[in-house]
Amino acid sequence: MRKNMKKKLVTVMLAGVLAAGMSAGSVQAATADDASGDLYVFIAASLNNAMEVIQKDFNEEYPDVNILFNADSSGTLQTQIEEGSRCDIFFSAATKQMDALVDEDLAKKDSVVDLLENKVVLIKPKDGETKVTGFENITDAANIALAGEDVPVGQYSREIFKNLGIEDDVNKMEINEGKNVTDVLASVSEGSNEIGIVYATDAASVADKVDIIAEAPAGSLETPVLYPVGLTEDAEASESEAAAADAFLAYLQTDDALKVFEEYGFAPYTAEETADDAEAEATEEAATNIKNKKSAKGADHSLPLFADKGEIIQ
């Protein structure tokens, strides 16, 4: 089960070290000294613009870390990692690809965080003409640009079609299949296709070239469009490069980084507490209370005895 996203993971890390008796200053100095070298970060294509800004901000604090981005569809990135490409951090546009890498012991389960949420939208060229008014009558278009089935946004698109009962009709359309969401966006913004399906953040990045027709209808997606991020196994990484990966993963979860993501249309993801989670939390709290009561009951509350010379005898 993934950890929920924290507002300040760095603060939590500092608090833990401070509890062990170290000063905040010494923690920051050690981190700055250790984090250096090349950092290989595989990111979903839809994250590219935001991550470039975050990279610059991060390097102001960690100038000795050289971040090397590889931006593509999450499915392609997954395959590259599975085939041995060097990678320190994987930032996926869907949980499917991250879960697969965790199952294969290629991603570190305890480090994975569901960080961001996005929306799936239907778009057309800016001021373009179409009879399509929403996902429900998508087949009124002459053609459509869709990402491939191994691409998260392509998978989300097909899930929407299936849940709306239009999957077979869509498959009969003229489909221009793109290798990633960037290809789909380019096809629509350049006018090569009448409509297309991308993320809301992608549409916002070229608002002068495309119009959003509609968001995916409520209930058409069974799960939120989540962006998990986590550390991957990198046997080639030095200690300083591993420290850089830890530092960058922590930085991505800070308020400063989340603010950048929001500026590009993403929303920080906060998991809703389920009834099972609430029950488990209540059970844990009750167990703790019982333990504390037993400890208090077994404690010696007798008053100290005073010897003749003023000594205290327990």
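Mentor: A cavity here is a set of grid points where a 1.4 Å probe fits but cannot get out. Keep in mind that this is a predicted model.

Trainee: How many cavities of 30 Å³ or more does a search of the whole structure find?

Mentor: The search turns up 1 cavity of that volume or more.

Trainee: And how much space lies in the largest cavity?

Mentor: About 70 Å³. It is lined by 13 residues, and those closest to its centre are Ser73, Ala93, Val151, Val181 and Tyr199.

Trainee: What does the lining look like by class?

Mentor: The lining has 8 nonpolar residues, 4 polar ones and 1 charged one.

Trainee: Tyr199 has a ring. Which aromatic cluster is Tyr199 in?

Mentor: Tyr199 forms one aromatic cluster with Phe91, Tyr227, Phe261 and Phe266.

Trainee: Switching to pairs, how many aromatic pairs does the structure hold?

Mentor: There are 7. One of them is Phe58 with Phe248, an edge-to-face pair with 4.9 Å centre to centre and 70° between the planes.

Trainee: Where in the chain do Phe58 and Phe248 sit?

Mentor: Phe58 is in helix H3 (residues 48-61) and Phe248 is in helix H10 (residues 239-252). They are 190 residues apart, and the pair links distant parts of the chain.

Trainee: Are Phe58 and Phe248 buried or exposed?

Mentor: Both are buried.

Trainee: Back to the cluster. Why is the pair of Phe261 and Phe266 edge-to-face?

Mentor: Because the planes of Phe261 and Phe266 are at 85°, and over 60 degrees counts as edge-to-face. Their ring centres are 6.0 Å apart.

Trainee: What are the relative accessible areas of Phe261 and Phe266?

Mentor: Phe261 has 1% and Phe266 has 4%. Under 20% means buried, so Phe261 is buried and so is Phe266.

Definitions and conventions
Residues numbered from 1 in each chain as written. Predicted model: local features only at pLDDT ≥ 70, side-chain atom pairs only at ≥ 80, totals over all residues. Heavy atoms only, no water. Phe/Tyr/Trp six-rings, centres within 6.5 Å; stacked < 30°, edge-to-face > 60°. Helix = DSSP H or I, 4+ residues; strand = E, 2+ residues; numbered from the N terminus. Buried < 20%, exposed > 50% of the residue type's maximum accessible area, 1.4 Å probe, protein only. 1 Å grid on protein atoms, 1.4 Å probe; cavity = no way out; pocket = protein on both sides within 12 Å on 5 of 7 lines; lining within 4 Å. Points joined across faces, edges and corners; volume = space filled by probe spheres on them. Nonpolar A, V, L, I, M, F, W, Y, C, P; charged D, E, K, R; others polar.
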